[in-house]
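Trainee: I should like to go through the contact between two domains. Could we look at the model together?

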Amino acid sequence: MDLTDTPQEAEFRARLREWLAKALPSLPDRPSPDDWPGRRAYDLGWQRTLYDAGYGEVHWGAEPAVRMIFLEETEKAGAPYVGANFVGLLHAGPTIAAEGTEEQKARWLPPVLRGEEVWCQGFSEPDAGSDLAALRTRARRDGDDYVVSGSKIWTSHAEVADWCELLVRTDPDAPKHRGITWLAMPMDAPGITVRPLRTLAGSNEFAEVFLDEVRVPVANRVGAENDGWRVTMVTLSFERGTAFVGEVVACRRVLGELALAARENGRWDDPVLRRRLGRLNAEFRALWRLTQWNVSDSVPGVGGSVFKLRYSHARQELYEAAAEVLGDPAALDLEQPWVLDRLSSLSYTIAAGTSQIQHNIVAERVLGLPKGR
Amino acid sequence: MRFQLTEDQRALRTGVRELLTARFGRERLRAAMADAPALDRDLWRELGDAGFFALRLPEAAGGVGLGLPEAVLAFEEAGRVLLPGPLIATQLAAGTVPGAATGETVVTDVDTGGTVEWLAAADVVRGDAEGAVSVRSVDPLTPLHRVPVQDSGAAVDVPLKSLLTAAEQLGTGARVVELAVEHARTREQFGRPIGAFQAVQQLCAGMLVRVEVARAVVYAAAVTGDPADIAAARLLADEAAVHGARDCLQVHGGMGFTWESDVHLYLKRAWVRARRPGSVTECEELLAAGLLAEAG
């Protein structure tokens, strides 16, 4: 058990800190959350900056421990998030790298690394949420094309994406996991309609994507026809537990800010609230240690589901505590800090598999309990 | 950063587990209930021979020369099998109290709250046990005394004892998940194993999550020795053991409510350990104060 950086890790960290201190002050101002073209340009620009400085591939080539240092240090320094590059860098890209042909890799990977193209994800459907393999968007072969019809939901950055990693059903008669195919769909193809989806937090973070007889070349298929489920699963464990490194760092900072705010407004004198914040400190320290534990594991283990279950709950508890610190009516005022975050945090126990489904996965796959009903 | 266990640490864990499985199985556990308040001194000396008490003592002083992470792994194993006796007090006394390191001498201490475990069985008591009164202990495997004078045990290293307590709780928490899962797989109702019911699955999965999150912070606290990490470790390990044992009892249904089942022994021991100094309130206050200190 060793929590210190190796000499190589320490050197990476030191050089990164030095570079961030120089690079961040010259960044342009952040665009408003509703300015999609502005956000696209900003996020791509940041990726280009990383690429030019030699950090473009840190999500791909680097050891998990090095990636963790990158995410920790960029968050601490207040650097931009991965933003619009998320799917390209963390999902579609690694999928293509693992399962694509040489031509496919040459076509799609460099523009992602250089911050030139944005990808979005067309996985979830209105009737295929936690049960993703129940997806029904249909693709039939017509010459050198697939003709795709159906609808996707919860697609981030669809408004500004160049490509969509799309899961379609190519064999409706096969068992549900065996009739799925992975396609790269150009977002400017005729027949695609993108409709923003307003969340309960008021933001247009997601979109619905409607597909009406969209033609996607067969050459855009990654992996074999009907092998798309396996192709997708290959990269789901790709990030190896580093997905939430930045967020845990940020939550710990917020927790410190809550303590200071509570001292400022006198609520710190309430031992119930004070101890609640102390308990959250334990929670996020443990989540940080669990991240380090998972990152050090040589094979992706049970850590991912365990982490997600605990973290999603802890994040919601953090912003519940924030409401206590703010008091009334500040806790109900959208202009106050943390109030929007409290709303956004509600998605965490739902997105990427609800906590209920995650519990079932842990029970069946990790603990070996019989299949539930 | 290589947080996972080293080869040597894995070997140590396996060694301790094999020793305890061979020497302190279920029959010995039930027999120990009849022996209490006396301790199995042969087993105690065997633990001494195996280096359990001298684990952290330098080799020059006749010890094993290992560190806190190894001690935590050993105490986790002790917690798995509910090994009885003032194990932590005796290990902390190794090198100071003659015979403690070898298992010849059983050492207990008066904790800062005025509680003494295993007073009658101990050869040496650290702290002032004058006027100790016997308590009818809830745990049949932890005889308890109460000392009227407070703070009589201030000499004890509270954070260290709290960390090793957390390690024992972690072992108990991990073991009760296994017991619950074994039962849920085999016990049938309505024509199927009860583990096929999602409500039971959710209980078991929740237990595992608490254990694995606690494990990360207990091990980290053993590496850093940081008081805030130790406080976090203790809070989460107490929760993993106490809440886990209660859920394990629930999964066992009526059988879990019997004396014959072992489940109550895990819960009762977890309760006893959770009352040791470094309790919930102290840990939460320490961690709260830490937030202000860190945020400036």
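Trainee: What area is buried between domain 1 of chain B and domain 2 of chain B?
Mentor: In this predicted model, the two domains of chain B bury about 2,800 Å² between them, and carbon and sulfur atoms give 63% of that area.

Trainee: Which three residues supply more of the area that domain 1 buries than any other three?
Mentor: They are B:Arg80, B:Leu82 and B:Ile88, which supply 23% of the area that domain 1 of chain B buries against domain 2 of chain B.

Trainee: And where do the bounds of the two domains fall in chain B?
Mentor: The domain assignment places domain 1 at 7-146 and domain 2 at 158-295. Their C-alpha centres lie 20 Å apart. The contact takes 32 residues from domain 1 of chain B and 32 residues from domain 2 of chain B.

Trainee: Turning to charges, how many salt bridges are there between the two domains?
Mentor: The count is seven between domain 1 and domain 2 of chain B. Elsewhere in the polar tally, 17 residue pairs are in polar contact across this interface, with both residues at pLDDT 80 or more.

Trainee: Which helices of chain B each supply at least two residues of the domain 1 side?
Mentor: Helix H2 (26-35), helix H4 (68-81) and helix H5 (87-93) each do so. The largest share of that side, nine residues, comes from H4(B).

Trainee: What classes of residue make up that side?
Mentor: The side of domain 1 of chain B that touches domain 2 has 17 nonpolar, five polar and ten charged residues.

Note on methods
Residues numbered from 1 in each chain as written. Chains lettered and ligands numbered in written order. Predicted model: local features only at pLDDT ≥ 70, side-chain atom pairs only at ≥ 80, totals over all residues. Heavy atoms only, no water. Domains from an automatic or database assignment. Contact = heavy atoms within 4.5 Å. Buried area = accessible area lost by both parts, 1.4 Å probe. Salt bridge = Lys/Arg side-chain N within 4 Å of Asp/Glu carboxyl O. Polar contact = N/O pair within 3.5 Å; in protein donor to acceptor, adjacent residues only side chain to side chain. Helix = DSSP H or I, 4+ residues; strand = E, 2+ residues; numbered from the N terminus. Nonpolar A, V, L, I, M, F, W, Y, C, P; charged D, E, K, R; others polar.
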